[in-house]
Each structure stands twice: as C-alpha cells, then as structure tokens.
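Subject: The structure you asked for

Hello,

Here is the structure for you to open. Please have it on screen while you read the notes below.

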Amino acid sequence: DHALEILAQYAEEWSSGTKIGECLKAFNHSFAREALSGRSTVIVLSDGLDTGESGLLASELSKIRLRTRKLIWLNPLKGATVYQPIQQGIVTAMPFLDTFQSGHSLNSL
C-alpha cells in the first residue's frame, strides 16, 4: 500500500482508468499497417476500465479485428470469483473478441 501511495505521487491520473480507444488509435495509426496481417494474433492485456469514448474503442477494435486472425483480451480482474464483465470497455470490446480470458497470474497468461 505504501509503495502504491508513493507511485501515485509521480503518476498522473493513477487508478483512474485508461483511454483504451485512444491507445489503440495510436497503435493503429503508427504500427498496424506494418505489424498486423491476416495471420496476426493481437493480445490486449487490460482490466477494461476505460475512461474514453466507447465509440472510439469500438472503431479501433474493429480496425484491428479486420487485420488479424485472432483478437484476444486478457483481463486480470476476470481471475476473481466475483468478477462480472460489466465495465463499459469490456462490454464495448466483447463483440470484436475471439477470446476473453483471465490474465491475473503467470499461470493464466
């Protein structure tokens, strides 16, 4: 807990979620053409706690989906027995995913 408190002092917006759609947009703009092909498998490791616009996330996942063989989302929260995929980011992502699995431990990865 103390280490997290120290890290929070140095990180902007610590524990506030990620703008996943914006991150994927940057990836698509800078790397997708060269990195992805119809044989590619893309793995997203995220809790899905997205703070961005769900429309942007859907649009960018759609672009990735069109360029890949498989789109996998590994969620560290999914390892908890009480987890339910109700976060807006996960709800938005689900139609584009081939696989939605836990990513909470080395064994799950």
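The notes below go from the overall layout to single residues.

**Overall layout**

Keep in mind that this is a predicted model. The protein has 109 residues, and 30% of them count as buried. There are four helices and three strands. Starting at the N terminus, their order is α-α-β-α-β-α-β. The C-alpha atoms fill a box of roughly 45 × 30 × 25 Å along the principal axes. The accessible surface is about 7,300 Å². Carbon and sulfur atoms make up 54% of that surface.

How do the contacts spread along the chain? Take the contacts with a separation of 6 or more: 81% of them come from residues 24 or more positions apart.

**Salt bridges**

Side chains of opposite charge can pair when their charged atoms come close. How many salt bridges does a search of the whole structure find? It finds two.

One joins the side chains of E60 and K63, with 3.2 Å from N to O. Both residues lie in helix α3, which covers residues 54–67. They are three residues apart, about one turn of the helix. Are these two residues buried or exposed? E60 has a relative accessible area of 2%, so E60 counts as buried, being under 20%. K63 is partly exposed, at 40%.

E60 has other company too. Leaving out residues up to four places away in sequence, E60 touches G21, L24, K25 and N28.

The other salt bridge joins the side chains of D98 and R65, with 3.1 Å from N to O. This pair links distant parts of the chain, 33 residues apart. D98 sits in the loop between α4 and β3, while R65 is in helix α3. D98 is partly exposed, with a relative accessible area of 38%. R65 is partly exposed as well, at 23%.

**The aromatic pair**

A pair of aromatic rings is described by the distance of the centres and the angle of the planes. A search of the whole structure finds one such pair. The rings belong to F27 and F31, and their centres are 6.2 Å apart. Is the pair stacked, edge-to-face or tilted? The planes meet at 35 degrees, so the pair is tilted. The cut-offs explain the name: under 30 degrees would count as stacked, and over 60 as edge-to-face.

Find both rings in helix α2, residues 20–35. F27 and F31 are four residues apart, about one turn of the helix. F27 is partly exposed, with a relative accessible area of 27%.

**N75 and P76**

Now go to strand β2, residues 70–75, where you will find N75. Its relative accessibility is 0%, so N75 counts as buried. What do the polar atoms of its side chain meet? One lies 3.1 Å from the backbone oxygen of D47. The side chain of N75 also has a polar contact of 3.2 Å with the side chain of Y83.

N75 has further contacts, not counting residues up to four places away in sequence. Among them are S46, G48, I90, F100, Q101, S102, G103 and H104.

P76 is in the loop between β2 and α4. At 35% relative accessibility, P76 counts as partly exposed. Apart from neighbours within four places in sequence, P76 is in contact with L45, S46, D47, G103 and H104. Residues S46, D47, G103 and H104 are touched by N75 as well.

For a sense of scale, pick P76 and N28. They are 48 residues apart along the chain, and their C-alpha atoms are separated by 24 Å.

**A nonpolar patch**

Last, look at the surface. L45, L106 and L109 form a nonpolar patch there. Together they have about 370 Å² of accessible area. L45 is one of the residues in contact with P76. L109 lies in the segment after β3, which covers 99–102. Is L109 buried or exposed? Its relative accessible area is 55%, so L109 is exposed, being over 50%.

**Where to start**

Try E60 and K63 in helix α3, then F27 and F31 in helix α2. After that, go to N75 in strand β2.

Best wishes

Methods: Residues are numbered from 1 along each chain as its sequence is written. This is a predicted model: local features need pLDDT of at least 70, side-chain atom pairs count only at pLDDT 80 or more; totals for chains, interfaces and linings use all residues. Side-chain values use heavy atoms; hydrogens and water are left out. Rings of Phe, Tyr and Trp (its six-membered ring) pair if their centres lie within 6.5 Å; planes under 30 degrees apart count as stacked, over 60 as edge-to-face and the rest as tilted. Helices (H or I, at least four residues) and strands (E, at least two) are DSSP runs, numbered from the N terminus. Buried means under 20% relative accessible area, exposed over 50%, partly exposed in between (1.4 Å probe, protein chains only). A polar contact is a pair of N or O atoms within 3.5 Å; within protein, one must be able to donate a hydrogen and the other to accept it, and residues adjacent in sequence count only if both atoms are side-chain atoms. Contact means heavy atoms within 4.5 Å. Patches are made of residues with over 30% relative accessible area and no salt bridge: like charges are joined within 9 Å, nonpolar side chains (Val, Leu, Ile, Met, Phe, Trp, Tyr) within 5 Å. Accessible areas come from the Shrake-Rupley method with a 1.4 Å probe; for residues, only the protein chains shown count as cover. A salt bridge is a side-chain nitrogen of Lys or Arg within 4 Å of a carboxyl oxygen of Asp or Glu.
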